[in-house]
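Okay, thanks for coming, everyone. Let me put the structure up, and then we'll walk through it together.

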Amino acid sequence: MRWSIVGALVEACRAVCNCNSEFPEELKILTVRKAKALAKREDPLFLFSLTTLSDEAAEALSEHKDFLLLRGLTMISDEAAKALAEHKGGLDLNGLTTITDEAAKALGQHEGILDLSGLTTITDEAAKALA
């Protein structure tokens, strides 16, 4: 339920900050150094084409204070999920199609908007952790 407004929020953020032009579709890998720099920004981070995320880069991104959109990720490690769960803004991970129970437990602790609407496979334990 809490991710049902994410699509409208994304469009509103795009209109306000025009972030797509700042983060080209070519960005597929994020270094820790770049993640630390991006985390300092004060606007939403649209990283739709990012396809991999190291645990260290996830930890750096968790310091970002606004909406974090990582729709290009189709999988995430338990450690990266733990780091991103600490993120204080909205978190869009709707590219994930499956999630481990440990990652679900971590993300279930996230206090902001959380979009996992792309999940197609989830265990009962993971579903309880996210409820």
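**Walking through the fold**

So, starting at the N terminus, the elements go α-α-β-α-β-α-β-α-β-α. That's six helices and four strands, where helices (H or I, at least four residues) and strands (E, at least two) are DSSP runs, numbered from the N terminus. Before going on: this is a predicted model, local features need pLDDT of at least 70, side-chain atom pairs count only at pLDDT 80 or more, and totals for chains, interfaces and linings use all residues. Residues are numbered from 1 along each chain as its sequence is written, and side-chain values use heavy atoms, with hydrogens and water left out.

Now some overall numbers. Of the 131 residues in the protein, 45% are buried; buried is under 20% relative accessible area, exposed is over 50%, and partly exposed is in between, with a 1.4 Å probe and protein chains only. The accessible surface is about 6,900 Å², and carbon and sulfur atoms account for 54% of that (Shrake-Rupley method, 1.4 Å probe; for residues, only the protein chains shown count as cover). If you take contacts (heavy atoms within 4.5 Å) between residues at least 6 apart in sequence, 41% of them join residues at least 24 apart.

Okay, the sheet. In what order do the four strands sit? They go β1-β2-β3-β4, in an open sheet with parallel pairing. β1 (45-46) and β4 (114-115) are at the edges with a single partner strand each, so one side of each has no neighbour in the sheet. Two strands pair here if DSSP finds at least two bridges between them, and β2 and β3 are joined by two bridges. One bridge to remember: L69 has D92 in β3 as its partner. We'll meet D92 again.

On to the core. A nonpolar core here is a set of buried Ala, Val, Leu, Ile, Met, Phe, Trp, Tyr and Cys residues joined through side-chain atoms within 4.5 Å. The largest one has 33 residues, and those with the most contacts inside it are L47, L53, L61, L70, L84, L93 and L107. At least two core residues come from each of α2 (32-39), α3, α4, α5 and α6 (124-130). Which helix gives the largest share? That's α4, with five residues.

Let's stay on α4, residues 78-85, for a second: its buried residues are A80, A81, A83, L84 and A85. They pack against α3 (55-61), β2 (68-69), β3 (91-92) and α5 (101-107). And for one leucine's view, L53 touches L30, A58, L61, L70, L73 and L84, leaving out residues up to four places away in sequence.

Now charges. Side chains of opposite charge can pair when their charged atoms come close. For us a salt bridge is a side-chain nitrogen of Lys or Arg within 4 Å of a carboxyl oxygen of Asp or Glu, and the whole structure has five of them.

Here's D92 again: its side chain meets R71 in a salt bridge, 2.6 Å from N to O. D92 lies in β3 and R71 in the loop between β2 and α4, so the pair ties together parts 21 residues apart in sequence. Is D92 buried or exposed? It's buried, at 0% relative accessibility, while R71 is partly exposed at 25%.

Then there's D43 with R41, closest N and O atoms 2.7 Å apart. D43 counts as buried at 14%, and R41 is partly exposed at 27%.

Back in α4, K82 bridges to E79 at 3.3 Å between the closest N and O atoms. These two are three residues apart in the helix, about one turn. K82 is partly exposed at 37%, and E79 is partly exposed at 44%. And E102, K105 and E125 are linked in a salt-bridge network.

Last stop: H87, in the loop between α4 and β3. This histidine is buried, with a relative accessible area of 2%. What does the side chain of H87 reach? One partner is the backbone oxygen of H64, at 2.9 Å, and another is the backbone nitrogen of G89, at 3.3 Å. Setting aside neighbours within four places in sequence, H87 is in contact with L61, S62, H64, K65, D66, F67, L68 and H110.

That's my tour. Happy to rotate the model if anyone wants another look.

Terms used:
A polar contact is a pair of N or O atoms within 3.5 Å; within protein, one must be able to donate a hydrogen and the other to accept it, and residues adjacent in sequence count only if both atoms are side-chain atoms.
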